[in-house]
Each structure stands twice: as structure tokens, then as C-alpha cells.
Amino acid sequence: SYGFVSPSSSDEGNEDDAAELVVHGRTFEVGSVDIPYELVHHVSTLLSGESEGDPNNLNEEVEFTPAIGAVIVEQLRATAAELENSITLSDGTRGTATDAVASRLILDLKRSNRQTLLACATGLTEYLEDL
């Protein structure tokens with residue numbers, strides 16, 4: 001993982017929280033203060049125009065660059081926006097008490113994931129500004 005800690009990260013949730021980020025068909029788990037090496041490698045491959053090859057072959061060293069970071073930040077924000085739209089559309093759920101509890105738990109999870117993605121995007125943006 002590439003870890004970073006921004007001054008604002010402590011205000012935006014638990015740094016142990018994780019959320020899924022899908023980038024061109026691959027799913028990665030990101031935290032509010034870290035991103036996996038596999039994500040950086042995947043984005044580097046996409047930016048270089050190379051074919052993906054074996055996603056488990058991570059022997060090649062990849063330098064984390066501002067361009068890679070910018071793509072990741074864009075994906076984090078886009079996924080958070082999709083979650084926000086999903087939360088907005090789901091707020092009026094009707095049904096049994098069990099349905100209501102399940103719906104509330106799903107909304108809470110979506111809100112938590114959205115908060116984690118936004119905290120990651122904010123921290124990574126601040127980190128990129130210091131590069």
C-alpha cells in the first residue's frame with residue numbers, strides 16, 4: 001500500500017474504514033489514508049497504454065506520479081458521486097419493518113463508503129500538492 005496522512009483525514013472518519021473502488025473492471029480496496037500498490041500499478045498500466053497482462057504480476061516497479069494520483073482522485077470522486085446519487089434515490093424506501101432496517105443499514109454503509117472515498121480523495125489531493 002501507499003500510505004499518506006493528511007491533516008484533514010482525522011476529521012473525516014476512521015482511518016481503518018475501507019471502501020471498494022472499481023477502475024476499468026478491477027476492484028480495489030482503499031482506505032481513508034491509503035491506496036493499494038495494485039491500484040497504482042493498474043493505473044500506471046492504463047496510462048502507458050500497455051495491455052493489462054497478468055494483474056498478479058507486480059514485479060515491475062512503478063513510480064507514483066502526479067498523473068497516476070490525478071486519475072485515482074478522479075475515480076474516487078466519481079465513485080463517491082455515484083454513491084451520493086444512490087443514497088438520494090434510496091431515501092424513500094417503503095415496506096416492512098425488516099425492509100426499513102435493512103434499507104437503513106445499506107444507506108449507512110453507502111454513506112460510510114462515500115465518506116471514506118472522499119477522505120481518500122482529499123488526502124491524496126493534499127499529498128499531490130506537496131509533490
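Q: Which residues have the most contacts inside the largest nonpolar core?
A: First, the idea: a nonpolar core is a set of buried Ala, Val, Leu, Ile, Met, Phe, Trp, Tyr and Cys residues joined through side-chain atoms within 4.5 Å. Buried means under 20% relative accessible area, exposed over 50%, and partly exposed in between, with a 1.4 Å probe and protein chains only. Here the largest such core has 23 residues, and those with the most contacts inside it are Val-30, Ile-35, Leu-39, Phe-64, Ile-72, Leu-76 and Leu-124.

Q: And which elements give two or more residues to this core?
A: Elements are DSSP runs numbered from the N terminus: helices are H or I with at least four residues, strands are E with at least two. In this core, the contributors of two or more are strands E2 (18-23) and E3 (26-31) plus helices H1 (37-48), H2 (66-90) and H3 (97-130). H2 gives the most, with six residues.

Q: How far does the model's confidence go, and what is the mean pLDDT of strand E1?
A: This is a predicted model, where local features need pLDDT of at least 70 and side-chain atom pairs count only at pLDDT 80 or more, while totals for chains, interfaces and linings use all residues. Residues are numbered from 1 along each chain as its sequence is written, and side-chain values use heavy atoms, with hydrogens and water left out. pLDDT is the predictor's confidence in each residue, from 0 to 100. The chain averages 82, and 77% of the residues score at least 70. Strand E1 (residues 2-3) has the lowest mean among the elements, 50, and E3 has the highest, 95. Over residues 3-12 the pLDDT stays under 50.

Q: What pattern does the chain follow along the sequence?
A: Just read the elements in order. The pattern is β-β-β-β-α-α-α, which comes to three helices and four strands. Of the 131 residues, 34% count as buried.

Q: How do I read a helix such as H1, and what span should its twelve residues have?
A: An α-helix has 3.6 residues a turn, so residues three or four places apart point the same way. The expected span of a helix is 1.5 Å times one less than its number of residues. For H1 that comes to 16 Å, and its end C-alpha atoms are 16 Å apart, which agrees. Buried residues in H1 include Tyr-37, Leu-39, Val-40 and Val-43. Right after H1 comes Gly-49, with a positive phi near 80 degrees.

Q: What does Gln-75 in helix H2 touch?
A: Contact means heavy atoms within 4.5 Å. Leaving aside neighbours within four places in sequence, Gln-75 is in contact with Leu-21, Val-22 and Val-23. The C-alpha atoms of Gln-75 and His-24 are separated by 9.8 Å, though the two residues are 51 residues apart along the chain.

Q: How many aromatic pairs does the structure hold?
A: A pair of aromatic rings is described by the distance of the centres and the angle of the planes. Rings of Phe, Tyr and Trp (its six-membered ring) pair if their centres lie within 6.5 Å; planes under 30 degrees apart count as stacked, over 60 as edge-to-face and the rest as tilted. The structure holds one such pair. The rings of Phe-64 and Tyr-127 have centres 6.0 Å apart and planes at 55 degrees, so the pair is tilted. Phe-64 sits in the loop between H1 and H2 and Tyr-127 in helix H3, 63 residues apart, so the pair links distant parts of the chain.

Q: Is Phe-64 buried or exposed?
A: Phe-64 is buried, with a relative accessible area of 13%, whereas Tyr-127 is partly exposed at 36%.
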